[in-house]
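Hi everyone, thanks for coming. I'd like to walk you through one model today, going from a single residue outwards. Here it is on the screen.

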Amino acid sequence: MSINSKAKRDKKKKESQKKSNLSKNNRSSRKSIQSLDDIFDPAKLTTPQTINEDILKFCRKISDTSPTFIEITPELWSRQSCCDLNVHEYIKLNGGSIVCGYKLWYNEPVYIEGERHAVWYGDGEYRDITFNSDGEEKILFIPDIPEKQSSLELNERKIRWCKDEATRALISQHEFFERMTPFQNMSDTTAWNTMLTYENWKAGERMSSLVPVIA
């Protein structure tokens, strides 16, 4: 066999292996996004463990500030899903300021979700005093642009990113049903008097973060 013939054969073999690996990766990707349940599975959609390039690209669409990991350290009186109220209450007691932005959830590698969130800032440090109902112990937080950091009402409720068309189609379906399902928008006073405290959550009580409207 000539040297040229062997080189051509080796080249074809490498190309065949490359296509085979690509096919396996595509099949693996399809398996991970078969349904909305796969995307929103609490075991998969969690706080990112590291900050990769996809997360950085997502964050750059929100602001020029770098995302940062923050440990969750609630007060016993902290209310579930009342992050801005918790921060304002803490400011009354300790000073400091509120910073609004987004905590990030990641189902790697197909889906990133930014959920609007408020944290406390003082002495050069952030503090998250709002517990997660699923027990997460830290968040990855990206502040919004400065002119949108003072109030949650200036932030979008959620910002979503999908890596591929299949995931995007499922999320579009989810957003359609979200728009069709009304949920109660409580006043600050009602929310403070209704939502679970961290003390009660530690004692084993649980409640939904969303309260549907009863027709």
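Let's start with D54, which is buried, at a relative accessible area of 17%. By buried I mean under 20% relative accessible area, with exposed being over 50% and partly exposed in between, using a 1.4 Å probe and protein chains only. Before I go on, the ground rules: this is a predicted model, where local features need pLDDT of at least 70, side-chain atom pairs count only at pLDDT 80 or more, and totals for chains, interfaces and linings use all residues. Residues are numbered from 1 along each chain as its sequence is written, and side-chain values use heavy atoms, leaving out hydrogens and water.

So what does D54 pair with? Its side chain meets that of K163 in a salt bridge, 2.8 Å from N to O. The pair ties together parts that are 109 residues apart in sequence, because K163 lies in the loop between β6 (158-162) and α5 while D54 lies in helix α3. K163 itself is partly exposed, at 43% relative accessible area. For the cut-off, a salt bridge is a side-chain nitrogen of Lys or Arg within 4 Å of a carboxyl oxygen of Asp or Glu. The count by this rule is ten.

Another one joins K158 and E113, at 3.4 Å from N to O. Here K158 is in strand β6 and E113 in strand β3, so parts 45 residues apart in sequence are tied together. E113 is buried, at 4%, whereas K158 is partly exposed, at 34%. Both belong to a network of salt bridges that also includes R160, E175 and E178.

Now the overall layout. The protein has seven helices and six strands; these are DSSP runs numbered from the N terminus, H or I over at least four residues for helices and E over at least two for strands. Strand β2, residues 97-107, has ten of its eleven residues buried. Its antiparallel partner β3, residues 111-122, is joined to it by eleven bridges, and a hairpin of three residues connects the two. For pairing, DSSP has to find at least two bridges between the strands. One bridge sets Y106 against I112 in β3. β2 also pairs with β5, residues 138-143, again antiparallel, over three bridges, with K103 opposite F141.

Which residues make up the largest nonpolar core? There are eleven: I55, F58, C59, I62, Y102, L104, Y106, I112, L140, I142 and W161. Helix α3 (53-60), β2 and β5 each supply at least two of them. A core here is a set of buried Ala, Val, Leu, Ile, Met, Phe, Trp, Tyr and Cys residues joined through side-chain atoms within 4.5 Å. In soluble globular proteins, nonpolar side chains tend to be buried together.

I112 is a nice one to click on. Leaving aside neighbours within four places in sequence, I112 contacts D54, I55, F58, W105, Y106, I159, R160 and W161, where contact means heavy atoms within 4.5 Å. That list takes us back to D54, our starting point.

One more stop in β3, which holds R116. Is this arginine, R116, buried or exposed? R116 is buried, at 17% relative accessible area. R116 and L152 are 36 residues apart in sequence, yet their C-alpha atoms are 7.0 Å apart in space.

That's my tour, so over to you for questions.
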